[in-house]
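Let's take a friendly walk through a protein chain, from its overall layout to the packing inside. Keep the picture beside you as you read.

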Amino acid sequence: MTYEKRIRRIASAALWAGLGIAIFFVPIAAAEDPLVNTGYFGDVAIKGYDPVAYFTQNEAVQGSAKFSHHWLGATWHFASARNREMFMHDPAKYAPQYGGYCADGVSLGTVTTNIDPKAWRIIDGKLYISYDPGAAEGFEKNTSKVINSQKHWAEVQHTLVTEKLQKDWRQNSAN
């Protein structure tokens, strides 16, 4: 191993250790750039479904890249220019809770990336998406799940950030 590669690996390890310490001490729930679920590939939030339509049409409606908006590191699709404008005016009102990760999974303190945009509920004016219709129904019927998901979200975010840092570190150290 060359001297230059050894220095790069030592620097990467030091950076990784520093980031790990920072993550441990910084409250992730207060992060300015919350994590948005874009699935396993790509950068489109909630599989391209229109977050505003859940509220205005009371149904899951596929959005279009023609009416898209970039927010929080993800691309959001909308069924119309009007819905896009509504979202841009108040994105926190329409965006799904927990960055679009499965709300039922978050209630258990776990990360479930795979969601079904047709498995959703609006509870107390907030959108929750789950991995399947049964989970969405259970989430709505069991009010303790909403409380538990709020309690576990910081822990789940920590897991997501840690996984992302590990992935980034592996990619950087391979170069």
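Here is a short report on the fold, the surface and the nonpolar cores.

Keep in mind that this is a predicted model. The chain holds seven helices and four strands. If you trace the sequence from start to end, these elements appear in the order α-α-β-β-α-α-α-β-β-α-α.

How much of the chain is buried? Of its 175 residues, 38% count as buried. The accessible surface adds up to about 10,200 Å², and carbon and sulfur atoms account for 56% of that area. Contacts also reach across the sequence: among those between residues at least 6 apart, 58% join residues at least 24 apart.

Now for the inside. In soluble globular proteins, nonpolar side chains tend to be buried together. The largest nonpolar core here has 19 residues, and the members touching the most others are Ile46, Tyr54, Trp76, Phe87 and Ile129. Three of the elements that each supply at least two residues to this core are listed below.

| Element | Residue range |
|---|---|
| α2 | 51-56 |
| β2 | 74-78 |
| β4 | 126-129 |

Of these, β2 gives the most, with three residues. There is also a second, separate core of 11 residues, including Tyr101, Ala103, Ile123 and Val156.

Which residues does tryptophan 76 touch? Leaving aside residues up to four places away in sequence, Trp76 touches Val36, Ala45, Ile46, Pro51, Phe67, Ser68, His69, Trp71, Phe87, Ala95 and Pro96. Two of these partners, Ile46 and Phe87, also appear among the core members that touch the most others.

Technical notes. Residues are numbered from 1 along each chain as its sequence is written. This is a predicted model: local features need pLDDT of at least 70, side-chain atom pairs count only at pLDDT 80 or more; totals for chains, interfaces and linings use all residues. Side-chain values use heavy atoms; hydrogens and water are left out. A nonpolar core is a set of buried Ala, Val, Leu, Ile, Met, Phe, Trp, Tyr and Cys residues joined through side-chain atoms within 4.5 Å. Buried means under 20% relative accessible area, exposed over 50%, partly exposed in between (1.4 Å probe, protein chains only). Contact means heavy atoms within 4.5 Å. Accessible areas come from the Shrake-Rupley method with a 1.4 Å probe; for residues, only the protein chains shown count as cover.
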